[in-house]
Amino acid sequence: MAAENTDYGNDICLRISPHSGKIIVEERKRDGAISFKEISPVDLYFMLNESYRNSETVETGLLPEHCLSVTIGKGEKTFVLWNPALRADMTYKDAEYLNFPIPRLVFGIRLLDTGRVAGCTLGVVADEKPTPASLMYHYPFSNVYEDSRVCTGNNVLPRYKKQSALVNFPRYLLGIPDNDDMYSPGRNKLKLGHTELMEHLKDKDPAYYYTDVLIPNGKTLGDFVGGIYGRNEEDGE
């Protein structure tokens with residue numbers, strides 16, 4: 001049986017009076033001296049906050065290149081990747097568009113602990129160094145919902161043995177054959193149909209999107225990131 005600790009030297013006693021609203025800190029030192037100090041509720045908050053030490057840490061592992069943010073949940077992680085490439089090989093119906101110009105894109109990727117991609121979002125961001133205030137635009141093509149979720153149809157999303165390999169996901173997603181699902185001419189300034197837009201853009205410089213094609217959607221990169229994490233919490237995922 002362990003001996004009872006009766007050494008109360010250097011004890012600090014906190015006295016709170018609900019009637020007077022006073023908070024008194026009483027300190028008893030080993031030499032018998034007792035000191036009193038009145039503190040404010042704000043002082044008490046900071047004292048308790050600074051005394052807390054969380055011994056638990058979370059290891060992210062090696063993050064994929066161009067990762068803007070990551071959140072770790074139960075059984076999964078969600079990454080937001082900034083895509084530096086301004087060209088991609090794309091397929092629309094039966095037509096291949098190799099080295100097709102694209103605007104600056106960001107991808108939200110839900111990765112299960114098994115390595116399987118469970119879902120993704122896609123957004124168009126300003127062609128600048130990304131910050132939370134960077135403007136977002138409507139995705140001008142198809143298969144992307146208004147809330148940025150991507151419809152991948154019957155395509156099986158990939159599994160990655162290493163999360164750092166997620167850097168390859170944008171190329172994979174953009175390479176999935178596209179169709180007219182959720183396409184709207186109102187998402188591009190030119191009001192072109194899908195086929196006409198693809199043909200019009202295939203020989204353009206990526207900067208052309210920002211002068212003649214893209215329409216702001218009223219959101220920022222910070223909204224895009226927050227929307228991903230907020231939706232995961234609401235869905236209980």
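Among contacts between residues at least 6 apart in sequence, what percentage join residues at least 24 apart? In this chain the figure is 55%, so keep that in mind as a theme for the tour. The model is a predicted one.

**Whole chain**

Start with everything selected and coloured by secondary structure: you should find 5 helices and 11 strands. The chain has 237 residues, and 36% of them are buried. Switch on the surface and you are looking at about 14,500 Å² of accessible area, with 52% of it belonging to carbon and sulfur atoms.

Now colour by confidence. The average pLDDT is 86, and 86% of the residues score at least 70. Next, select residues 1-6, where pLDDT stays under 50. The model gives this stretch 0 contacts beyond four places in sequence.

**The largest nonpolar core**

Select Phe100 and Tyr139 and show their side chains. In the largest nonpolar core, which has 37 residues, these two touch the most other members. To see what surrounds them, display strands β5 (76-83), β6 (87-92), β7 (95-101), β8 (105-112) and β9 (117-125), then add helices α2 (169-174), α3 (194-201) and α4 (208-213); each of these elements supplies at least two residues of the core.

Stay with Phe100 and list its contacts, leaving out residues up to four places away in sequence. Leu86, Arg87, Ala88 and Met90 are among them, and further along the chain you will also pick up Phe141, Met198, Leu201, Lys202 and Tyr209.

**A second core**

Apart from that core lies another, made of 9 residues. Select Trp82, Leu221, Val225 and Ile228 to bring some of its members into view.

**Thr91**

Move on to Thr91, in strand β6. Is this residue buried or exposed? Its relative accessible area is 18%, which is under the 20% cut-off, so Thr91 counts as buried.

Draw a distance from the C-alpha of Thr91 to that of Leu174: the two are 8.3 Å apart in space, though 83 residues apart in sequence. Then show what Thr91 is in contact with, leaving aside neighbours within four places in sequence: Glu96, Gly175, Ile176, Pro177 and Asp178.

**A patch on the surface**

For the last stop, return to the surface view and select Val42, Tyr45 and Phe46. Together they make a nonpolar patch of about 320 Å². Show the cartoon beneath Val42 and you will find this residue in helix α1, which spans residues 41-51.

Definitions and conventions
Residues are numbered from 1 along each chain as its sequence is written. This is a predicted model: local features need pLDDT of at least 70, side-chain atom pairs count only at pLDDT 80 or more; totals for chains, interfaces and linings use all residues. Side-chain values use heavy atoms; hydrogens and water are left out. Patches are made of residues with over 30% relative accessible area and no salt bridge: like charges are joined within 9 Å, nonpolar side chains (Val, Leu, Ile, Met, Phe, Trp, Tyr) within 5 Å. Accessible areas come from the Shrake-Rupley method with a 1.4 Å probe; for residues, only the protein chains shown count as cover. A salt bridge is a side-chain nitrogen of Lys or Arg within 4 Å of a carboxyl oxygen of Asp or Glu. Helices (H or I, at least four residues) and strands (E, at least two) are DSSP runs, numbered from the N terminus. pLDDT is the predictor's confidence in each residue, from 0 to 100. Contact means heavy atoms within 4.5 Å. A nonpolar core is a set of buried Ala, Val, Leu, Ile, Met, Phe, Trp, Tyr and Cys residues joined through side-chain atoms within 4.5 Å. Buried means under 20% relative accessible area, exposed over 50%, partly exposed in between (1.4 Å probe, protein chains only).
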